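Visitor: Please take one part of this model and go through it closely. I would like the account to stay with that part and its surroundings.

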Amino acid sequence: MRTATTLRTVRWGIVGVGDVTERKSGPGLQRAERSELVAVMRRDGAKAADYARRHGVPRWYDDADALIADPEVDAVYIATPPDSHRDHALRVAAAGKPVYVEKPMARTAAECEEMIAACERAGVPLFVAYYRRAMPRFATVRRLLDDGVIGTPRAVSVRTLGTPGMWEPDHLPWRVQPEIAGGGLFVDLGSHTLDLLDHLLGPVGAVSGAAGNQGGGYPAEDVVSATFIFTSGVQGVGLWSFAAGEQRDEVEIIGSAGSLSFSSFGAEPLVLRTADGERQIDAPYPDVVQQPLIQAVVDELTGRGTSPSTGHSALRTARFVDTVLAGYRAEHGISF
């Protein structure tokens, strides 16, 4: 079996070339140093062939197992919806190849644990596409915190608001179908912010929360509130409402000597407030948002560095989500 240190160049295959791979990730696999995209797969062979033609990928498949078995594929990026992440990851691990899987890592923490166990048995690494951990924008946030610009972090607040989607009941996107996504937009979007806070402030030690459905537009939760305490002692509060009358994306870290505010999904400047006044700090997004993390993954697979996002770090985010959605899932008979 090949190990990470034996790879000079990582030759990637993608299972599931949907929208996320068009600009957010696929080009990153091609642009990263010591990285190549050599094969893609989609169940619709015509769409797989079209993707391969447009992106200059040598081979395409309409069967995941065929791509996984391709001897010229060193590592596999799983970019399907969450309900198939576990099964594909187990197959890639069984083939002795490293796994890079889209977020959320899976529908539940239990599924994540199965994926971790399978990769550990096979002796292959498992990475998760929580790419904000490697983005320069949030590296700036971490540097400011590490430099003590706001003093000692004391608390954090999250507010994510969105207006209701206008979807027909028979044509709901998979992101609001719990049996596919594990929940609603809180799972799809909120997990990004939760994972970032895990990276910035350390692991969460205690979580409580509740979820509901106020808009009635789909079966998943559309509102979640939570309180949480990091093992460092930092306390947090969050509200995610996707049946609101406005769009809002705010994270504020409050310290003993100031505060730092930023958005998770926008590219506007960070806002630093201290006794010296308010200052805006530019922190743009990269052209290909996953490329910094992909480079970190490739660096680890080629023995040159370490990825900040792994199966174990993503498992902590999945456990947070499970905790706050447990009551809603039980009440509505949602199980996996």
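Guide: What follows is a look at one sheet and the helix that packs on it. This is a predicted model, in which local features need pLDDT of at least 70 and side-chain atom pairs count only at pLDDT 80 or more, while totals for chains, interfaces and linings use all residues. Residues are numbered from 1 along each chain as its sequence is written, and side-chain values use heavy atoms, with hydrogens and water left out.

The sheet is open and has 8 strands in the order E8-E9-E10-E7-E11-E12-E13-E14, with mixed pairing; strands (E, at least two residues) and helices (H or I, at least four) are DSSP runs numbered from the N terminus, and two strands pair if DSSP finds at least two bridges between them. Strand E8 (204–212) and strand E14 (277–281) each have a single partner strand, so one side of each lacks a neighbour in the sheet. Neighbouring strands are turned by 10° against each other on average, direction ignored. E8 pairs with E9 (residues 223–230) in the antiparallel sense over 8 bridges, and serine 208 has threonine 227 in E9 as its bridge partner.

Helix H7 packs on this sheet, touching E11 (248–255), E12 (258–262), E13 (270–274) and E14; contact means heavy atoms within 4.5 Å. The direction of H7 makes about 175° with that of E12, where axes are lines fitted to C-alpha atoms, for helices over the stretch in contact, and angles run from 0 to 180 degrees between N-to-C directions.

Threonine 140 lies in H7 (residues 136–146). Threonine 140 is buried, at a relative accessible area of 15%; buried means under 20%, exposed over 50% and partly exposed in between (1.4 Å probe, protein chains only). Leaving aside residues up to four places away in sequence, threonine 140 touches Leu270 and Ile281.
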